[in-house]
Amino acid sequence: MITHSKIVLDEEDIAGAADVLRSGLLVQGKAVSSLEEEFASFIGVRHAVAVSSGTAALHLALICLGIGDGSEVILPSYVCTALLNSVHYVRATPVLVDIDPYTYNISAKQIEKAISKKTGAIVVPHMFGLPADMDEILSLGIPVIEDCAQSAGARFRGQYTGSLGRISIFSLYATKMLCAGEGGLILSDDPDLITRARDLRDYDEKETYTLRYNYKLTDIQAALGKSQLKKLPSFIAKRRKIAGLYNAGLEQVVSRTPSVPEGREHIYYRYVIPVDDPTGFIDKMREKGIVCRRPVFKPLHRYLNLPGYEFTDKVWSKAVSVPIYPSLEEKDAHRIVDAIRTIL
Ligand SMILES: Cc1ncc(COP(=O)(O)O)c(C=O)c1O
């Protein structure tokens, strides 16, 4: 069976985590602070704070921007519920907008229409590893939280995603670009935002009381994150090689292979293609020993029973994600192309 995603942990990753275990110092400590420094320096941002998940990172990013009751937060409908949850955690009002049907990213034009006096922030996920249209989005003048859970290492006009918005978040969940099991990071050039996030992630030994969280990352996870970060460029190179092979093999059988507009560097966290009958396609691929999935389980407007969202619905009704990960062997990638060609 070729799985849809696969964790790539080598002996170096395991040794890093084992060293922490042997040290007996497991909680947030030296490995966490060095992950923060190394990650911020890699992305090209001044400061980073490590937390327990991407969702926790989003939650704290919203608080740090002062978003709460009475604020509106703009986000795309075509995304997982983690984003919607984080907006609800701070009691703000989510304002869902449609996507660009070619890039699957939030549409700058739709954001513009959704802006009101209450808009406090826009959450911009770079979907499937392709940077969103940051020039247009940043020109709107609203604070942007870049959601880089799927885009670690992707670049927009030469700059890494996560270095463009007011604040950004990353996920270290097992199947993301970097695997620590669970984990997240908040990045910003603004020292005040970062000081606040650092304070809020830990409740203990504070002089004054305010609502704080237990969002700490362990040193075991940080050690994994650190050694995975060293491999990120090679992970991306492997993903791009597989994507190139898929593009060449599928161009003639699918209506569109993933778009990469000028100035953007895709890292292919997911390789998504449109097919007429996703459920039937996924079943047939499984019969051939290949696991494919819908890349977004259900768009947010469908959970909230909101009308509209034409492009989100169109994309969702066809999108299928096929296996892509650094350890996928070339012969298996060819097997996947052959299976798709036969089915379609
Ligand atoms: C775009 C996006 N944002 C946020 C998250 C949440 O990250 P985590 O699972 O680490 O909480 C995910 C996770 O799948 C995601 O895809």
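A residue is termed buried if 20 or more other C-beta atoms lie within 10 Å of its own, exposed if 12 or fewer do, and partly exposed in between, with C-beta atoms placed from the backbone. The views below show a predicted model, in which local features need pLDDT of at least 70, side-chain atom pairs count only at pLDDT 80 or more, and totals for chains, interfaces and linings use all residues. Residues are numbered from 1 along each chain as its sequence is written.

**View A. Strand 8 is enclosed by the rest of the structure.** Of the 5 residues of strand 8, 5 are buried, so the strand is largely enclosed by the rest of the structure. Helices (H or I, at least four residues) and strands (E, at least two) are DSSP runs, numbered from the N terminus. Both faces of strand 8 are covered, with Ile167, Ile169 and Ser171 buried on one side and Ser168 and Phe170 buried on the other. Strand 8 (residues 167-171) pairs with strand 9 (residues 184-188) in the antiparallel sense over 4 bridges; two strands pair if DSSP finds at least two bridges between them. Ile169 has Ile186 of strand 9 as its bridge partner, and Ser168 has Leu187 of strand 9. Strand 5 and strand 8 run parallel and are joined by 3 bridges, with Ile145 opposite Ile167 of strand 8.

**View B. Seven strands form an open sheet with mixed pairing.** The order of the 7 strands is 1-9-8-5-4-2-3. Strand 1 (47-51) and strand 3 (93-97) are the edge strands, each pairing on one side only. From one strand to the next, the twist averages 20 degrees. Helix 3 lies across strand 1, strand 2 (72-76), strand 4 (119-125), strand 5 (144-147), strand 8 and strand 9, and runs at about 165 degrees to strand 8. Helix 4 lies across strand 2, strand 3, strand 4 and strand 5, and runs at about 180 degrees to strand 2. Axes are lines fitted to C-alpha atoms, for helices over the stretch in contact, and angles run from 0 to 180 degrees between N-to-C directions.

**View C. Helix 3 and helix 4 cross obliquely.** The axes of helix 3 (residues 54-64) and helix 4 (residues 81-89) come within 9 Å and cross at roughly 40 degrees. The two helices are therefore oblique to each other; angles under 35 degrees count as roughly parallel, over 145 as roughly antiparallel, 65 to 115 as roughly perpendicular and the rest as oblique. Helix 3 passes helix 4 in a right-handed crossing. A crossing is right-handed if the near helix is turned clockwise from the far one by less than a right angle, and left-handed if anticlockwise. On helix 3, Gly54, Thr55, Leu58, His59 and Leu62 meet Ala82, Leu83, Asn85, Ser86, Val87 and Tyr89 on helix 4, where contact requires C-beta atoms, placed from the backbone, to lie within 7 Å. By class, this contact has 6 nonpolar, 5 polar and no charged residues. Ala, Val, Leu, Ile, Met, Phe, Trp, Tyr, Cys and Pro count as nonpolar, Asp, Glu, Lys and Arg as charged, and the others, Gly among them, as polar.

**View D. Helix 2 packs roughly parallel to helix 8.** Helix 2 (residues 30-43) and helix 8 (residues 219-250) pack at an angle of about 30 degrees, with their axes 8 Å apart. That angle makes helix 2 roughly parallel to helix 8. The crossing of the two helices is left-handed. Helix 2 contributes Lys30, Ala31, Val32, Ser34, Leu35, Glu38, Phe39 and Phe42 to the contact, and helix 8 contributes Asp219, Ala222, Ala223, Gly225, Lys226 and Leu229. These residues divide into 8 nonpolar, 2 polar and 4 charged.

**View E. Three strands form an open antiparallel sheet.** The 3 strands have the order 7-6-10. Strand 7 (159-160) and strand 10 (264-265) are the edge strands, and each pairs on one side only. Strand 6 (residues 155-156) and strand 7 run antiparallel and are joined by 2 bridges. Arg155 has Tyr160 of strand 7 as its bridge partner.

**View F. Strand 12 is covered on both faces.** In strand 12 (residues 319-322), Ala319 and Ser321 on one side and Val320 and Val322 on the other are all buried. Strand 11 (residues 271-274) pairs with strand 12 in the antiparallel sense over 4 bridges. Val272 stands opposite Ser321 of strand 12.

How values were computed. Two residues are in contact if their C-beta atoms, placed from the backbone, lie within 7 Å.
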